[in-house]
Amino acid sequence: MKPKNGGRTSTLNPRVLRDWEEGTLRPALDRKPERKKEFTTVSSLPIERLYVPEDLKGWNAGEKLGFPGEPPFTRGVHPTMYRGKLWTMRQFAGFGSAEDTNRRFHYLLEHGQTGLSVAFDLPTLMGRDSDDTLAEGEVGREGVAVDTLADMEILFQGIPLDRVSTSMTINAPAAVILAMYLAVAEKQGIPLERLEGTVQNDILKEYIAQKEWIYPPAPSLRIISDMVAFCTDRVPKWNTISISGYHIREAGSTAAQELAFTLADGIGYVESCLSAGLDIDAFAPRFSFFFNAHNDFFEEIAKLRAARRMWCAIMRDRFHAKSPRSWMLRTHVQTAGCSLTAQQPYNNVVRVTVQALAAVLGGTQSLHTNSLDETLALPTEDSARIALRTQQIIAEESGVANTVDPLAGSYFVEKLTDRLEQDAWSYIKRIDQMGGIVAAIEEGFPQREIAEAAYVYQRQVDGADKIVVGVNRHSEGDVLKAPTLKIGPGVEETQVTRLRAAREGRNSARHAQTLDKLTRVARTKENLMPAILDAVRGYASVGEICDALKTVFGVYREGRVQF
Amino acid sequence: MTTERKVRLLIGKVGLDGHDRGAKIIARALRDAGFEVIYTGLHQTPEMVVATALQEDVDGIGLSLLSGAHNTIFPKILRLLADKKSGDTVVFGGGIIPEEDMLTLQRAGVRRMFTPGSTTQEVVDWVRANVPPRRR
């Protein structure tokens, strides 16, 4: 049969495919069967032997891909992507005291990092002070301890806040930490409208996956919409929510669940801000996303491409946002911490490279590459540098940044992108039927789906159906130790001393007044941010502010956990 | 006729750490293996864990800890159990524990720490061999 359009055909003749299967494939299989009966992604999606033009029957490049910088943004949010500007290399850092982390920030900036990313310790993430009983043993361990503005001043000492962009991974107490950052900027004499950065501020995924909550969903969403309103007005370059799939994936979800629950959370925030009376095209462009880059290379690329296409549809067709900037899904990616192994830790450098490459081919705007020793402890300076260099090698040596969305049109990648999209839409539909993401969370639906997927995956690893090199294959018995970062036991003591000094040094009448004002505002519909900012300026601590709000908002208790 | 009963286990998460993926997987694997399993849920204090352990009359307590606070939390739980004359409760755990802390924990009386890469079957087998029903 003569192909149309001068021999440039977009579909294979089915007879030709059959010929190949019978003439070439079958004898090959007879000689040597394939390694496995079924091939699947890390999320257990089935993968075919070969993808052919027929797989994209009815697929329309104009509709599914468009052009970069144009809807549906499958090919990326910028017309030139990495030819114009490389992604932001943003390594998450924070440990010990504010002084320790400040030194690490200076080190990273000197080594070519282009943005800061702050990790806080668990007490701070939970809105508790360093002298809280539940904070015992955890101060400064997994991130930096911040109690009052005094700590934040040290954290950013010598770093002009108008010349860096700062991402802060903080959720339940995000409004307080942001207020502290703004107060530091005020002290540096920098106008708020010049500040660039992000707070994670994604409480919904806390209920779903990371479990660092304080208040119940309704008041939490109110704090968030207050903050969104405040920033839209006063800190217009600030990314107000980083809607995060990362932790959902780390909790054990599949790629499709990560995609679905993250976008469902995004829908939840849009709805909440709309019902607070905010204008969609004023706030939506400042929402950003945060996805995981796991081991399955093509699945991750497909996930990121599908995410952009879906968010565009959600914002344009579901919420009728007018500005194309509202339709764009801009994202940060971090390589998958949960994929790293304590065994033979140097292998992790290779895993991270593959994952980072997927993030880049998926079109991310910024990237954190994990350090090889992160299953053992927080990264050492050496391992953090290798992680950063990994990105620099991908960016500057590999050539993958030379063209936009290089995998577009691959039968396999497009098919997989469609499949992830389809699976995610069906989850979103179920969540809509439950009455939205908050109702679904209260019912425990995403939590259950993730726990089930995590269990299935663990059984697959236990049974060596899924391979983890160095663990269930090619293992060498003993854990090969890498040098790890030690957090001295003195951090807690120093931190508590500084907190007490801040309490003693402040104007106590003014302090009491600001907290009193805060609880009064919390009972009204007035925006909370100015009252929080005022309390922070007077050196009220994270714990004191959160406790004051708890008296009005109550605390969240997880329902019965099914396992 | 024997009156031997099922071994009862408490799986717990202590402190502020919210990483409950491992704890839930282990709880389910142990339940599927025929043990009676109670899961504490998140954000427990050592006192709460011990109170639940006594109330539920468990034979073993397995704690998942990824926060780095293991050197504080395990000894405290063991001390509280001893105070309540329940020092024969088998305490084990899992998480990211640096090699040099392992010995400290063992000396404090933690019977076994499972580190990343352990299979659920290893945990089940170990519990079966090392957590007998306590004498009442």
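Read along the sequence, chain B alternates strand and helix in the pattern β-α-β-α-β-α-β-α-β-α, with 5 helices and 5 strands in total. Here helices (H or I, at least four residues) and strands (E, at least two) are DSSP runs numbered from the N terminus. The radius of gyration of chain B is 14 Å, close to the 14 Å that the globule rule gives for 136 residues, so chain B is as compact as a globular protein of that length. That radius is taken over C-alpha atoms, and the rule is 2.2 Å times the number of residues to the power 0.38.

A word on where this comes from: this is a predicted model, in which local features need pLDDT of at least 70 and side-chain atom pairs count only at pLDDT 80 or more, while totals for chains, interfaces and linings use all residues. Residues are numbered from 1 along each chain as its sequence is written, and chains are lettered from A and ligands numbered from 1 in the order in which they are written. The model scores ipTM 0.89 and pTM 0.93. For chain B the mean pLDDT (the predictor's confidence in each residue, from 0 to 100) is 91, and 96% of its residues reach 70 or more.

Here are the two chains side by side.

| Chain | Helices and strands | C-alpha span along principal axes |
|---|---|---|
| Chain A | 22 helices, 10 strands | about 90 × 55 × 50 Å |
| Chain B | 5 helices, 5 strands | about 45 × 35 × 25 Å |

Chain A has a radius of gyration of 25 Å, which agrees with the value near 24 Å for a compact globule of 563 residues.

Now to where the chains meet: 31 residues of chain A are in contact with 29 residues of chain B, contact meaning that C-beta atoms, placed from the backbone, lie within 7 Å. On the chain A side, the elements giving two or more residues are α4 (122–125) and α18 (445–462). Of these, α18(A) gives the most, with 5 residues.

Finally, take a look at one helix pair within chain A. Helix α20 (residues 508–523) of chain A and helix α21 (residues 529–537) of chain A pack at an angle of about 165 degrees, with their axes 9 Å apart. That makes α20(A) roughly antiparallel to α21(A), a label for angles over 145 degrees. Axes are lines fitted to C-alpha atoms, for helices over the stretch in contact, and angles run from 0 to 180 degrees between N-to-C directions. Among the residues that meet are A:Leu515 and A:Leu518 in α20(A) and A:Ile532 in α21(A).

Methods:
Angles under 35 degrees count as roughly parallel, over 145 as roughly antiparallel, 65 to 115 as roughly perpendicular and the rest as oblique. Two residues are in contact if their C-beta atoms, placed from the backbone, lie within 7 Å.
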